[in-house]
Amino acid sequence: MDINLQVSIGNITLKNPVIVASGTFGYGEEYSEYFDISQLGAVTVKSLTLRPRLGNSPPRIVETPAGMLNAIGLQNVGIETYLKEKLPFLRQKNCTIIANIYGTSIDEYEQLAERLEKEGGADAIEMNLSCPNVHDALNKYKCPLIAQSPEWVEKYTSAVRSKVKLPLIVKLTPNVTDITEPALSAEKGGADAISIINTLLGMSVNPDTCKPRLKNVVGGLSGPAIRPIAVKMVWDVSRTVKIPVVGMGGICYTSDALEFIIAGAKAIAVGSYLFRDPLAPMRIIQGLQDYCISKNIDDINKLVGSIII
Amino acid sequence: MNKLHECIITLHNLVSPNHYRMVFQNKELANQVSPGQFLMIEVSPGYYPFLRRPMSIERIFSDSVSILYKVCGEGTKLLSTLSVGEKINVQGPLGNSFPIPLDYQRYLIIAGGIGVAPFPALVEKVLNIRGIAPEIILAGKDFNYLLCEKDFRQMGCKLHLATEDGSAGYKGLATDLLQSLEETEKTIVYTCGPLPMIKKVHEICTQRKWLCYASLEAEMACGEGVCLGCVVPTKMEIGHEMMACVCKEGPIFDTQLILWNKIGEE
């Protein structure tokens, strides 16, 4: 049986719905030693900023039950070095590239997106409006994330939308009361897809030292621990907006990917579990194929949102 | 190059209270590794613990590799329950290896506690390519923590022992012993152990103009330079500070390149 695994986001077609999440795959070089990365639906690169960023002071990560906290602080090479030194490798490997961008103002997002479009630096853009680790911890609650304000989400999205034609994916935070509000705003602003979820804010304390385990005090929680939250948010959002949802949050196995797809995600991303098993995305691509065969489904798109309630 | 290996445990011993040696067989892996590199080991199936555990390579044999580890948390506790004959999934080799310049007569190792783990392989390599047995300062809290002492003696190393409680060798710290060593000869130093010890070794080596390489340890998730979790501030890039990954740019660093004033004391 011929199974169609292709899915479309905006005007691009992914060869399958399995993506790797931003910040868990570098710029593709490292894991290309493990498998042929062109087999992926798409590679999302580590957040790019206008200038290189040093990131936060260590310790930056701590393992938690069924997951981990991180406070990397968007350490990255900057758009210039990305275009010059990282992009050629991804292009040579024939990857579909989603460039994740982070700016500190609308203007910066616009500049990043325009630059990427002009120089062929991406096949789609993911706007990171939801990094939890770039504000000083003590000011965190006075300085909310863009994605926590539906109004700002629409403003940022429509601004970038007006500058570029590349498919625009808006990455939202789960640290909100109702995720459908910023999702609707992103759609209204002209986004082609919503990606959810970014990490959940969390914290861990070492009782021996009475100090937080992360130098940044708080960080973002990822891994299977957050998966049920992510599945629920995908279900919420996919029923609310008309644009596709890219689901992520603790996906390790094929069955996890299926949960997201059945709940409403058109594509899914593997994140921190890559650290444990770099081959997880390949296992999932194969697993989705096998599942479709066993269920007699000829097109993965028929599974999207097929939940029976 | 395949970096994910199914290995079979061929030996697993308690070598001192809370410290184990594990040997596992996989010829492909054994043929790839160099002294100083490390492995990421899956200590259990499933999500608990979520991440692999980074382990120094203790010794390299023709078709197997050994690690020496201390039980210090749930992950290593689970690892310690595995039996001979069981399979483990090992990722590696990862990171860089110890540079061994040939124009030295004196190779000096300073190991604190479980920090001794990467050195038996280094000693064997130095013996191999230089025909010289490194000199070793082996230090620990008490005599129980002086690991590999017998192995080093068998390899012909000159040993200086130090324990904090005086239960073996000199009573005091490794760095006190280092201070008392002859300054005359051209020496290259390799060190691994608690961070304050490494820092002090670095300071002494700087005074003496000795080249010093340290094997650093850090909380780590991916082992491949992807997650950027295990960074240390360095001046590896000329002109500005660079956060280097212990797993990728390290674990072996020229201590002159580390920005010691930016590293916390915890």
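**Exercise 1. Place Arg51(A) in chain A and decide whether Arg51(A) is buried or exposed.**

Step 1. Arg51(A) sits in the loop that joins β4 to β5 (61-64) of chain A. Helices (H or I, at least four residues) and strands (E, at least two) are DSSP runs, numbered from the N terminus.

Step 2. Count neighbours. A residue is buried if 20 or more other C-beta atoms lie within 10 Å of its own, exposed if 12 or fewer, and partly exposed in between; C-beta atoms are placed from the backbone. Arg51(A) has 11 other C-beta atoms within 10 Å, so Arg51(A) is exposed.

Step 3. Look along the sequence. Glu80(A) is 29 residues apart from Arg51(A), yet their C-alpha atoms are 7.6 Å apart in space.

A note on the input: this is a predicted model, in which local features need pLDDT of at least 70, side-chain atom pairs count only at pLDDT 80 or more, and totals for chains, interfaces and linings use all residues. Residues are numbered from 1 along each chain as its sequence is written, while chains are lettered from A and ligands numbered from 1 in the order in which they are written.

**Exercise 2. Check the span of helix α1 (residues 78-92) of chain A, then describe its bend and its packing.**

Step 1. The expected span of a helix is 1.5 Å times one less than its number of residues. For the 15 residues of α1(A) this gives 21 Å; the end C-alpha atoms are 20 Å apart, which agrees.

Step 2. Find the bend, the angle between axes fitted to the seven residues ending at a residue and the seven starting there. α1(A) bends by about 45° at Lys86(A). A proline, Pro88(A), follows within four residues.

Step 3. List buried residues. Among them are Ile79(A), Tyr82(A), Leu83(A) and Lys86(A). Leu87(A) and Leu90(A) are buried too.

Step 4. Find their partners. The buried residues of α1(A) pack against β4 (42-48), β7 (97-101) and α2 (106-118) of chain A. Two residues are in contact if their C-beta atoms, placed from the backbone, lie within 7 Å.

Step 5. Go past the helix. Asn94(A) follows α1(A), with a positive phi near 65°.

**Exercise 3. State which residues of helix α4 (residues 180-188) of chain A are buried, and what covers them.**

Step 1. The buried residues are Pro182(A), Ala183(A), Ser185(A), Ala186(A) and Glu187(A).

Step 2. Their cover includes α3 (150-161), β9 (168-171), β10 (193-196) and α5 (227-240) of chain A.

Step 3. Gly190(A) follows α4(A); its phi is positive, near 105°.

**Exercise 4. Test each chain against the globule rule.**

Step 1. The radius of gyration is taken over C-alpha atoms; the rule is 2.2 Å times the number of residues to the power 0.38.

Step 2. Chain A has 309 residues, so a compact globule would have a radius near 19 Å; chain A has 18 Å, which agrees. Buried residues make up 57% of chain A.

Step 3. Chain B has 266 residues, so the rule gives a value near 18 Å; chain B has 18 Å, which agrees. Here 46% of the residues count as buried.

**Exercise 5. Describe the side of chain B that touches chain A.**

Step 1. In chain B, 24 residues are in contact with 27 residues of chain A.

Step 2. That side of chain B divides into 16 nonpolar, two polar and six charged residues. Ala, Val, Leu, Ile, Met, Phe, Trp, Tyr, Cys and Pro count as nonpolar, Asp, Glu, Lys and Arg as charged, and the others, Gly among them, as polar.

Step 3. Check the confidence. The predictor gives the complex an ipTM of 0.95 and a pTM of 0.95.
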